[in-house]
Every structure is written in structure tokens, then in C-alpha cells.
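Biologist: I'd like a close look at one part of this model, please. Could you take me through how two of the helices pack together, and then place that spot in the wider picture?

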Amino acid sequence: MKYKIGLFFFFIAVAVSAKQIVVCESCSVKTIKEAIKMAQAGDEIFIKKGIYFENDILINKPISLIGEKGTLIDGRNKGGMLFLETNNIKIKGLKIINVGLSYTIEYAAIKVIKGNDFIIEECILENVFFGILVEKSKRGIIRNNKISSNRKNEASSGNGIHIWSGEDIKVYNNEMFGLRDGIYFEFVKNSLVHNNVSHNNIRYGLHFMFSNNNVYHHNEFRNNGAGVAVMFSKFTTMHHNKFRLNWGSASYGLLLKEIYDAEIYDNLFEQNTIGINAEGSTRINYKNNTFLRNGWAVKISGACYTNIFTKNDFMNNSLDLAYNSNINDNKFDNNYWSEYTGYDLDKNGIGDVPYRPVKLFSYIVNKTPEALILLRSLFVDIINFSEKVSPVFTPDDLLDNKPLMKRAITNIDTQRND
Amino acid sequence: MLKILKYSFYDLMRSRWSYVYFLFYLILGFVLLFLNNDVDKAVITLMNIIIVLTPLIGTIFGVMYYYNSKEFTELLLAQPINRSKIFMGQYLGISISLTLSLVLGLGIPFVLYGLFKSTAIFNFSLLLVVGAFLNFIFVALSYNIALSTENKIKGFGYAILMWLFLAVIYDGIFLTFLVVFNSYPLDKFSLAATMFNPIDLSRILILLKLDISALLGYTGAVFRKFFGTNLGMMISMGVLMLWVMLPVLRMNLKLRKKDF
């Protein structure tokens with residue numbers, strides 16, 4: 001009993017000792033750096049509204065940095081801003097603008113180096129080089145932030161949320177635009193990315209490199225230079241994301257390159273030049289995805305084995321599938337194809353005639369890209385038809401034996417709004 | 001000339017086929033919009049139909065009208081009227097009545113379904129302009145064939161062959177060329193090749209205005225650079241105009257020497 005009371009008092013003591021330091025223009029503490037110098041572990045620094053011109057703010061104690069509404073830290077385009085170099089730091093409600101540009105140093109608005117259990121929330125980062133840059137850290141949370149920039153080319157721009165070597169990091173409810181990559185993961189494990197919106201970025205909305213066992217869901221990626229890229233990663237799960245309006249001569253909704261054992265389900269691919277571009281991707285399950293009005297819905301470029309497509313909707317795409325090899329180890333089953341012309345005599349909802357998703361024309365276009373200008377010509381319709389009747393050029397085992405007569409996903413609007 | 005134009009025009013307007021043609025487009029427009037309810041998408045579907053069907057109908061109408069009204073034309077030729085005026089009147093009469101069927105037939109359903117409120121209005125008007133051009137081009141071409149061929153059956157045969165060549169066979173040869181000479185830079189060639197076929201030219205003109213343009217990749221970039229600019233648009237419209245003018249010119253030259 002005595003021991004318990006002792007513990008209780010101990011906690012009170014700790015709670016009381018965690019004091020608040022207020023920073024404002026008329027306060028005794030006028031700069032953030034000064035406040036950090038005074039602070040003890042567990043303290044809270046409250047920054048009142050006003051404009052602070054400070055750079056290279058180093059935080060090496062486990063404290064909270066909280067900004068009032070209207071707090072603005074201006075970096076005047078000179079170098080980095082906040083450096084978080086220890087565990088248990090919390091950053092909340094700051095607005096940081098004008099981070100410096102460098103071609104050799106990765107200047108960031110908030111940089112976390114070897115800091116575990118950090119929380120960065122409700123911050124607005126504008127005109128940044130890198131937004132939030134995390135190195136060698138675990139168990140962090142990045143949420144409700146808005147990161148933007150207005151850079152023009154890849155070389156002079158940085159990433160919104162850049163994580164290099166991390167574990168168990170959660171990134172959610174953020175908005176990123178005008179950056180190089182919205183979110184960039186390299187050597188990140190067991191992390192979660194959800195409910196983010198990444199749009200109008202110069203390169204990718206989301207970019208995974210060498211990152212295994214991650215999940216991303218309910219994100220929206222639109223109008224990015226080239227959509228989302230997942231490369232050299234294993235066990236990635238992607239679901240309920242929207243990949244939209246990635247138009248351009250080398251653009252796609254989702255690029256898969258050298259990835260293994262991924263699950264891709266309930267996503268929407270709408271009006272991309274290429275919905276999914278898969279290269280060297282193996283053991284991937286595609287289920288319940290909607291491909292709507294893309295140029296190519298899916299383009300498989302070689303060394304892709306055991307990809308299984310089931311219950312997907314292929315709706316009004318110019319070309320459903322492009323395939324560049326004659327060997328097929330991928331399976332298409334139970335999908336809905338809007339161009340399917342077969343019939344269903346026994347009324348079980350499954351077409352009685354198999355569907356061939358690769359047309360002769362898409363085969364020719366793969367060999368001779370210039371031929372694409374004959375798209376929608378009557379001649380092309382005729383050769384497609386004759387190839388459909390007796391396949392010569394396209395792999396003859398590449399077919400959907402059980403095409404659905406009605407769409408697998410009945411209501412696209414619910415999928416869009418959830 | 002105006003009198004003959006008026007006569008041919010009224011004659012065609014009274015004929016059953018003009019009504020059938022008009023009704024066909026009217027029903028097509030309504031059905032498309034009823035099934036789709038999206039003006040943008042309907043424009044894409046319509047393009048497929050217009051670039052194949054308009055030339056075919058133009059060709060058949062042209063040949064048919066020439067052979068059917070041959071006796072009346074001979075009667076007119078006995079009068080003191082300039083030859084070219086008689087035939088130009090007939091030619092314009094057919095082309096205008098066909099174009100009217102197209103524009104009204106498709107225009108009415110689209111206007112009723114709220115075209116003016118839609119963003120597709122520009123694409124739709126481009127479609128109609130291209131359709132009208134195709135009418136004028138193919139009626140002129142078929143009139144040329146009919147003038148040069150006395151035999152009715154042969155004339156019909158040649159006209160259909162001409163349509164088949166431009167609508168299907170030309171693309172086949174084009175595609176073979178592209179595949180065979182795969183390792184050479186082909187963008188300039190394909191740009192030129194489309195100019196020599198009014199159907200291809202109209203197809204690409206419409207395709208590039210629609211969303212699919214980005215699909216075209218590198219070749220598309222060359223094409224878009226050309227057709228996307230006002231200059232490219234002007235040039236392609238000019239080429240279409242040339243496609244109308246050259247057959248009409250040949251028609252007049254042929255007329256001068258022809259022995260009826």
C-alpha cells in the first residue's frame with residue numbers, strides 16, 4: 001500500500017514538474033531556440049501567434065512544441081528548420097514556410113533523425129524543399145498535416161513526407177501537393193499510410209522503394225506526373241485507393257516494378273494513360289478493382305508471374321490489356337469486361353464464351369508504338385475481330401474463362417465516397 | 001446554277017431516302033444519349049459511326065443521284081445553260097441536303113439532352129464540321145467516278161471500291177508499312193500518310209481533341225504538336241478543303257470534254 005501511494009505521489013510530482021514555457025514577442029522568452037534551451041524533459045513549449053524568423057532549431061530533449069493558431073515560422077529560404085534528434089518529441093499546429101533549396105543537402109521543414117515515438121500533427125508546411133524528413137526512426141505518427149510547394153522540376157524539388165529507414169510509422173490524413181513525390185518510403189517496414197490526398201506533384205503521388213510489409217489504403221492520388229510507384233518491395237497491401245487523372249505520354253496510375261506478394265483490392269483507377277503498369281511483378285492478387293476510362297487498363301511488360309485478376313471491372317478503357325510476351329502465367333477469372341460480347345444462356349451471371357482481353361491491335365501497338373494512330377479505325381476493328389475468332393499472335397491461353405455478365409462492384413459511387 | 005441547286009435540293013428533300021437518312025441519325029442520337037446519358041461519351045461513339053457511315057452514304061447517294069437523274073440532266077444540257085453550272089448545282093444540292101440531314105438528325109437530340117450546358121459542345125461541333133466535310137468530299141469523289149463511267153453497275157462498283165479503299169484498305173497498307181519499317185523514324189511519314197486520306201485525317205482530328213490524345217505516347221506528341229496548335233488545325237482544315245476542291249476541279253475539267 002505504501003508503495004502504491006509512493007508511486008502516486010511520484011506521478012503527481014512528475015506531472016507538476018512538466019511545466020509550460022510560453023513563447024511570444026512580449027513574453028520573457030522571445031525565441032523558440034531560447035525556450036528549448038530552458039526546457040526540461042517532458043515540458044511543453046507553447047508558441048503564441050506571431051511571425052518567428054528562425055532556422056536550424058535543434059530539439060534534443062523529449063518535449064512538446066505546440067503552436068497557437070497563427071503561429072508562423074519563416075525560414076527565409078535559408079536552410080532547414082526543425083531538427084528532432086531524440087525520442088518522444090511532439091510537434092503540433094505549427095506553420096512553417098520558406099525552407100531553403102539545396103542541390104547537396106536535404107533541407108526540410110521538420111527533420112527527424114534517430115528519434116522514436118515522435119508525433120507530428122496539424123502542421124502546415126508551405127514552400128518547402130523537403131516537408132517532413134525522417135531518418136532511422138521508429139513508431140512515429142504523422143497526421144493531419146498539409147504540405148505544399150510550388151517547384152517546377154524534379155531536380156529542384158523535394159518530397160512531402162520522406163522516410164528513409166523507418167519502422168512502424170503511421171502517416172494519415174495529410175495533404176501533399178506541388179512537391180516531387182508526395183510520400184516517399186525507402187527501407188521502411190510495417191508502416192501504414194491511409195486517408196492521405198496527394199495531388200499535382202511533379203513525380204509520384206506515393207513512392208515505395210525497398211519497403212516491405214507496408215499497407216496503404218483510402219488514399220487519393222490524382223494529377224501527379226506519373227501516379228504511384230511501388231518498386232523493389234515485398235508484401236505490400238494496397239486497397240481502397242483512388243488513382244485518377246494521371247495523363248501524359250509516360251504516365252500511369254500505379255507502377256509496379258520488381259514487387260512480390262502484394263495484395264491490390266477495391267481500388268479505383270480512373271482516366272489514367274495506363275491504369276497499372278507491371279514489370280517483373282510476381283504473386284500479386286488483384287481483386288475488386290475498377291478500371292474506368294483508362295488508355296490501357298493494365299500493361300504487363302514481362303517477367304510477371306502468378307498475377308491473379310479476379311472480380312475486377314474493366315469499364316470503357318481504350319485497350320483493356322497490353323502484353324508483350326507469348327508466355328502467360330497470369331490468370332484472369334471472373335472479371336467484368338465492358339467490351340465482352342458473349343452471351344449467358346443458363347443465366348448464372350457468367351458468360352458462356354471466354355473473353356480474350358488482349359486484342360491483336362494492342363499486340364501490334366506494343367511492337368510498333370506508331371501504329372496507335374490507327375486507333376478506332378475500321379480496319380483495326382476488323383483485324384481485332386478476326387484475331388478474336390482464331391488467335392494467332394496473342395497468347396491463346398490468355399483468356400477469362402468465366403467473364404461476368406454484370407459488374408462485380410455494383411455501386412461505384414459508394415466506392416468513391418467511402 | 002441556283003435554280004438547279006434549288007431544284008436538286010427540293011427533289012432530294014422530297015425523296016424518301018433523305019427522310020430515312022435523317023430519321024436514322026435522329027434515332028441514333030436519341031438512342032445513344034438514352035443509353036449513355038453522357039454527352040461526352042456519346043460524342044466518342046458517334047465519331048466511330050460518322051467516319052465510316054458518312055462517306056459511305058455520301059458515295060452511294062452521289063452515284064445513285066447521278067445515274068437516276070441522267071435523263072433529266074440530258075434534257076437540261078439541251079438548254080442554253082453552262083454545263084458546269086448544271087453539275088455544280090446538282091453536286092451542291094446533294095451535299096447540302098445530306099449535310100442538313102446529318103446536322104439536324106444529330107443536332108436535335110443533342111440539343112434536347114442539354115448540349116449547350118455541356119463542355120462537349122466544341123467537340124460536337126467539330127464532329128459535325130468533319131461530318132459535313134466528309135459529305136462534300138465523298139459526293140464529289142463519287143460524282144467524278146460516275147462522270148467517268150458510262151456503265152451504271154461499273155460506276156457503283158468503283159464507287160464502293162473507292163469507299164472501301166479509303167475506309168479500310170488504306171489503313172491496312174498504312175499499318176503494314178508501319179510494322180515493316182518499324183526501325184525507321186516514322187512520325188513524319190505517318191503524319192503525311194494521314195493527310196492523303198480524308199477519313200484518317202478526320203479521325204485523328206477528332207481523336208486528338210478527345211481525351212485519348214495522351215494515350216498516343218511519343219507519336220502522339222508529334223501529332224499533338226501538329227494538330228493541337230491553331231496552325232495545325234488550320235492546315236488540316238485546309239487539307240480537307242483541298243480534298244473538296246480537287247475533285248470538284250476535276251469534275252469541271254472532265255465536263256468540258258465529256259460527250260453526252
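Modeller: Here is a walk through one helix pair, followed by the chain around it and then the other chain. Bear in mind that this is a predicted model.

Let's start in chain B with helix H1, residues 2-14, and helix H5, residues 83-112. Their axes come within 7 Å and cross at roughly 40°. As for the hand, H1(B) and H5(B) make a right-handed crossing. Two packed helices are generally described by just those things, the angle between their axes and the distance between the axes.

Now for who touches whom. H1(B) brings Ile4(B), Leu5(B), Ser8(B), Phe9(B), Leu12(B) and Met13(B) to the contact. On the H5(B) side they meet Lys85(B), Ile86(B), Gly89(B), Gln90(B), Leu92(B), Gly93(B), Ile94(B), Ile96(B) and Ser97(B). Sort the residues of this contact by type and you get nine nonpolar, five polar and one charged.

Step back and you'll see what sort of chain this pair sits in. Chain B has eleven helices and zero strands. Its radius of gyration is 20 Å, close to the 18 Å that the globule rule gives for 260 residues, so chain B is as compact as a globular protein of that length. The C-alpha atoms of chain B fill a box of roughly 60 × 45 × 30 Å along the principal axes, and 40% of its 260 residues count as buried. If you take the chain B contacts between residues at least 6 apart in sequence, 80% of them join residues at least 24 apart.

Chain A is built on another plan, with five helices and 39 strands. Twelve of the strands form an open sheet with parallel pairing, running in the order S4-S7-S10-S13-S16-S19-S22-S25-S28-S31-S34-S37. At the edges of that sheet stand S4 (57-59) and S37 (319-323) of chain A, each with a single partner strand, so one side of each is left without a neighbour in the sheet. Neighbouring strands here are turned by 10° against each other on average, direction ignored.

For a detail inside the sheet, look at S19 (residues 183-189) and S22 (residues 206-209) of chain A, which pair in the parallel sense over four bridges. There, Ile183(A) stands opposite Leu206(A) in S22(A).

As a whole, chain A has 418 residues, of which 43% count as buried, and its C-alpha atoms fill a box of roughly 85 × 55 × 35 Å along the principal axes. Among its contacts between residues at least 6 apart in sequence, 46% join residues at least 24 apart.

Definitions and conventions. Residues numbered from 1 in each chain as written. Chains lettered and ligands numbered in written order. Predicted model: local features only at pLDDT ≥ 70, side-chain atom pairs only at ≥ 80, totals over all residues. Axes fitted to C-alpha atoms, helices over the stretch in contact; angles between N-to-C directions. Helix = DSSP H or I, 4+ residues; strand = E, 2+ residues; numbered from the N terminus. Left-handed = near helix turned anticlockwise from the far one by under 90°. Contact = placed C-beta atoms within 7 Å. Nonpolar A, V, L, I, M, F, W, Y, C, P; charged D, E, K, R; others polar. Pairing = 2+ DSSP bridges. Buried ≥ 20, exposed ≤ 12 C-beta atoms within 10 Å, placed from the backbone. Rg over C-alpha atoms; globule rule 2.2 N^0.38 Å.
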